[in-house]
Amino acid sequence: MITSSPDRSAASPDPRPHDTALVLAGGNALGAYHAGGYEALQASGIEPGWIVGASIGAVTAAIIAGNAPEHRVERLRQFWDEATQHTAPSATEMLKPRQVYNGLHALLTLAWGRPNIFRHRLPGLWSALPWMPNDVALFDHSPLLDTLARLVDFERLNRGDIRVTIGCVDVTTGEEVYFDTAHQIVRPEHVLASTAIIPAFAPVEVEGRLLCDAGYTNNLPLDPLFTAEPPRDLVCIALDLFGLEAPRPASLDAVLERANDLIFASAGRRAIAGLEREYALRQQIDPHGPAVTLLHLVHRAEADQLAAKSFDFSPSSIRDRWQAGGRDASRGADWLAARAEPRRRFTYTKL
């Protein structure tokens, strides 16, 4: 059962009773968008009772649920401040120089890693040489465990103030696996497994299963919210880090970026289409049953972003993504406040 949002009627833009859920997609460095989005939602009086996350979305979910409300944004800022490459911010917004700036930062990340998230491993890439032993990943992301231990109170996370669901995939079977505080204890290794995007990061063995990031199969994990019909009206705010829509690509890098976006965004589109079909049937069978409002906020990468944007931890890009998440979530909160009483069982809006 969905944990109800706390009573924030004085601050909430929508006083009607409903449950509120937050779904956070994966995307590595793009996840600063989630932090800015949550900051704006909290400022609007919107607090989720359930957060479902994959990859960097799982990390964000853990930081939010594993801290007191007054410390959540502070901890998110600390995480992203540590993740940022503290070089000089971009001195220009001209397209080509900014693309070069972003590309150099992605190369720096690939060359040196990010100390609070991942580092190089051996033999890693060198395992491609015939005289080197085999390996299964390029980077070691175990430093993330130390970061989670510093920034997340897992006792608080598991107390159930906010229900948290973490999405992974079984490497050997391809089955989606979810760890849910409503049914079990969620530990740091569950979050680590959710961030293990192969072959960049090695799969993580948890409870006898070899698990990895769900990005290739279900990067926007809406499914857990609808395994059973929500018992009452539900507002679901989904923050997506990859978009299906973009201008026509005019360069090889733009084509690579498009391919990357389509891989990570397509499962979400199929899930939403499935929900629309399902709720069209529910509308016919029981038109007065619990209604679902799905607000889909999509990060739209600017033209200066490259195919390697998920590894771009430059100060300017992290700042831009945080601000974009804040702007989009503020617009979303305004839309929720102004929306009419639901007349259909399922309402979908993308901003």
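## Close-up views of a predicted model

**View 1. Ring pairs link F118, F139, F201 and F311 into a cluster.** The model is predicted. It holds 11 aromatic pairs. In the pair of F118 and F139, the ring centres lie 5.0 Å apart. The planes meet at 65°, so this pair is edge-to-face. The pair links distant parts of the chain, 21 residues apart. F118 sits in the loop between helix 4 (95–112) and strand 3 (119–120). F139 belongs to strand 4 (residues 139–140). F118 has a relative accessible area of 1% and is buried. F139 is also buried, at 4% relative accessibility.

**View 2. Two arginines place their charged ends over aromatic rings.** R163 sits over the ring of W50. Its charged end is 3.7 Å from the ring centre. R282 sits over the ring of Y279. Here the charged end of R282 is 5.4 Å from the ring centre.

**View 3. The buried residues of helix 3 line one face of the helix.** Helix 3 spans residues 72–83 and has 12 residues. From first C-alpha to last, helix 3 reaches 17 Å, close to the 16 Å expected at 1.5 Å a residue. Which residues of helix 3 are buried? They are R72, V73, L76, F79, W80 and A83. Seen down the axis of helix 3, these buried residues fall within an arc of 120°, so they line one face. An α-helix has 3.6 residues a turn, so residues three or four places apart point the same way. The buried residues of helix 3 pack against four helices: helix 1 (32–43), helix 2 (56–65), helix 5 (143–151) and helix 10 (315–338).

**View 4. Helix 2 is mostly covered.** Of its 10 residues, 10 are buried. Those buried in helix 2 include I56, G57, A58, V59 and T60. A61, A62, I63, I64 and A65 of helix 2 are buried too. Helix 2 is one of the elements that the buried residues of helix 3 pack against.

**View 5. R77 forms a salt bridge with E39.** The structure holds 23 salt bridges. Between R77 and E39, the closest N and O atoms are 3.0 Å apart. R77 lies in helix 3 and E39 in helix 1, so the pair ties together parts that are 38 residues apart in sequence. R77 is partly exposed, at 43% relative accessibility. E39 is partly exposed as well, at 26%.

**View 6. R72 forms a salt bridge with E47.** The closest N and O atoms of R72 and E47 are 3.2 Å apart. R72 lies in helix 3, whereas E47 lies in the loop between helix 1 and strand 2 (50–54). The pair therefore ties together parts that are 25 residues apart in sequence. Are these partners buried or exposed? R72 is buried, with a relative accessible area of 5%. E47 is buried, with a relative accessible area of 4%.

**View 7. D328 and R331 meet in a salt bridge within helix 10.** The N to O distance between their side chains is 3.7 Å. D328 and R331 are 3 residues apart in helix 10, about one turn of the helix. D328 counts as buried, at 12% relative accessibility. R331 counts as partly exposed, at 45%. Elsewhere, salt bridges that share partners join E229, E278, R282 and R345 into one network. R282 of this network also has its charged end over the ring of Y279.

**View 8. E257 lies in helix 9 (residues 252–285).** E257 is buried, at 13% relative accessibility. What does E257 touch, leaving aside its neighbours within four places in sequence? E257 is in contact with A301, Q305, L306, A307 and K309.

**View 9. N158 has its place in helix 6 (residues 154–159).** At 18% relative accessibility, N158 counts as buried, because the cut-off is under 20%. Leaving aside neighbours within four places in sequence, N158 is in contact with T181, Q184, I185 and V186. N158 and R344 are 186 residues apart along the chain. The C-alpha atoms of N158 and R344 are separated by 35 Å.

Conventions: Residues numbered from 1 in each chain as written. Predicted model: local features only at pLDDT ≥ 70, side-chain atom pairs only at ≥ 80, totals over all residues. Heavy atoms only, no water. Phe/Tyr/Trp six-rings, centres within 6.5 Å; stacked < 30°, edge-to-face > 60°. Helix = DSSP H or I, 4+ residues; strand = E, 2+ residues; numbered from the N terminus. Buried < 20%, exposed > 50% of the residue type's maximum accessible area, 1.4 Å probe, protein only. Lys NZ or Arg CZ within 6 Å of the ring centre and 35° of its normal. Expected span 1.5 Å × (residues − 1). Arc of directions from axis to C-beta. Contact = heavy atoms within 4.5 Å. Salt bridge = Lys/Arg side-chain N within 4 Å of Asp/Glu carboxyl O.
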